[in-house]
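Dear colleague,

I am handing over the structure we spoke about, and I would be grateful if you could look through it before reading my notes.

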Amino acid sequence: FAADYVTSFHERMAPHFDRPEEVPQPVLQSFGYMYLAADAAAADVLRSNHQVQASCGAGTRLLTPDEVAAEFPFYALDDVVLASHNPVNEGYFDGNTLFDTWRTLARRHGATFVQAEVVGLELDGPRVARVALADGRAVACGTFVNAAGPRADVVARMAGIEIPVEPRKRFTFIFDAAEPLDRDLPLTIDPSGVHVRTDGRYYLAGCPPDVDTPCAFDDLEMDPDVWEEKAWPAIAARIPAFERVKVVNEWAGHYAFNTLDQNAIVGRHPEITNFVFMNGFSGHGFQQSPAMGRGVAELIAYGEYRSLDLAPLGFERIAAGVPFTERAVI
């Protein structure tokens, strides 16, 4: 998907720029992901996911520990019973370039960006009529889209709506290795909950804290114990070559975590009819953002989804308490 998306990105963006050299070039690194299962239950999830992926044409393959070792001899695999790896058109690309391009094109098509905090919503019957800003201004709206990320629940409550979305802290570390690997490291999802991958000349690792509870949406403080006590021990145990590493950068961020099913909430509220959700992506929002953006644009412009049916992700399941569970969240 990543390679196909970058190719289509160039094709779609080119007509909107005056000169070819103006078209942004998002960086793509393609080396796939590697999910590792350490017990029978986790292996069953990989098999089930593989069936769905294969039916959609993905190049995912299930590998035994011996097969993994033959291609990636740097892993320690004594506790692994099965792995899932996709080497075909999977990887990651430069999010900042994509976001900057979308913002530029939105402005060229007439969008206005206002930098201000939303502090209230004024309802007129079953509709959001105006948005109150902290600087005293008010913005009238035909459609209101809640795309507030970790603050999604705060914004929803302004309209009297409760959604099961809360900020949860996630930690990211960029590290250098004294003994770098002789090939790219797939995005490796370890059974411990730690993930690690190649990041240019360095490596990137991330994980949640052991006690994964909600936090304030403006709490970005690092916890030094997460690296020393969780991330690095898991990485070094899985990849012994990473016994000697040095952290060169680190940060904390948030997942907008949907506690019901870790899946997105997308679409209109059934009673406040111009209130549209784009919330609760639980860490995979960037992956899904092109499809979600198009889907919500279609819903607003045409009153229906046309490219993909996003109805299963609607608010109705939230109100009914019926999860549509995402089983591959890192």
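What follows is an account of the sheet, the helices that lie across it, the nonpolar cores and the salt bridges.

Please keep in mind throughout that this is a predicted model.

I begin with the sheet, which is open and made of eight strands in the order E3-E4-E2-E11-E12-E13-E10-E14, with pairing that is mixed. Its edges are strand E3, covering 61–63, and strand E14, covering 245–258, each of which pairs on one side only. On average, and with direction ignored, neighbouring strands of this sheet are turned by 20° against each other. Within the sheet, strand E12 (residues 195–199) and strand E13 (residues 202–207) run antiparallel and are joined by five bridges; in one of the pairings between them, the partner of Thr198 is Tyr203 in E13.

Two helices are worth following against these strands. Helix H2, residues 40–55, lies across strand E2 (33–37), E3 and strand E4 (82–86), and runs at about 30° to E4. Helix H6, residues 224–238, lies across E2, strand E10 (165–177), E12, E13 and E14, and its angle to E10 is about 55°.

Turning to the interior, the largest nonpolar core has 29 residues, of which Tyr75, Leu185 and Phe242 touch the most other members. Two or more residues of this core are given by each of E2, E10, E13 and H6, and the largest share, five residues, comes from H6. If you would like to inspect one residue in detail, Phe242 is a suitable choice: leaving aside residues up to four places away in sequence, Phe242 touches Phe175, Ala177, Leu181, Leu185, Val196, Tyr203, Trp232, Ile235 and Ala236. Tyr203, listed among those contacts, is also the bridge partner of Thr198 mentioned above. There is a second, separate core of 20 residues, which includes Leu121, Val155, Ala156 and Phe277.

The salt bridges come to a count of 19, and I describe three of them here. Side chains of opposite charge can pair when their charged atoms come close.

The first pair I looked at is Arg47 and Asp44, whose side chains meet in a salt bridge at 3.0 Å, N to O. Both residues lie in helix H2, three residues apart, which is about one turn of the helix. Arg47 is partly exposed, at a relative accessible area of 40%, and Asp44 is likewise partly exposed, at 45%.

Another pair is Arg170 and Asp212, whose side chains meet in a salt bridge at 3.0 Å, N to O. This pair links distant parts of the chain, with Arg170 in strand E10 and Asp212 in the loop between E13 and H6, 42 residues apart. Arg170 has a relative accessible area of 11% and is therefore buried, given that buried means under 20%, whereas Asp212, at 24%, counts as partly exposed. Both residues also belong to a network of salt bridges that links Glu166, Arg168, Arg170 and Asp212.

Finally, Arg197 forms a salt bridge with Asp199, with the closest N and O atoms 3.0 Å apart. Here Arg197 counts as buried at 13% relative accessibility, while Asp199 is partly exposed, with a relative accessible area of 22%.

With best regards

Methods:
Residues numbered from 1 in each chain as written. Predicted model: local features only at pLDDT ≥ 70, side-chain atom pairs only at ≥ 80, totals over all residues. Heavy atoms only, no water. Pairing = 2+ DSSP bridges. Helix = DSSP H or I, 4+ residues; strand = E, 2+ residues; numbered from the N terminus. Axes fitted to C-alpha atoms, helices over the stretch in contact; angles between N-to-C directions. Contact = heavy atoms within 4.5 Å. Core = buried A, V, L, I, M, F, W, Y, C linked by side-chain atoms within 4.5 Å. Buried < 20%, exposed > 50% of the residue type's maximum accessible area, 1.4 Å probe, protein only. Salt bridge = Lys/Arg side-chain N within 4 Å of Asp/Glu carboxyl O.
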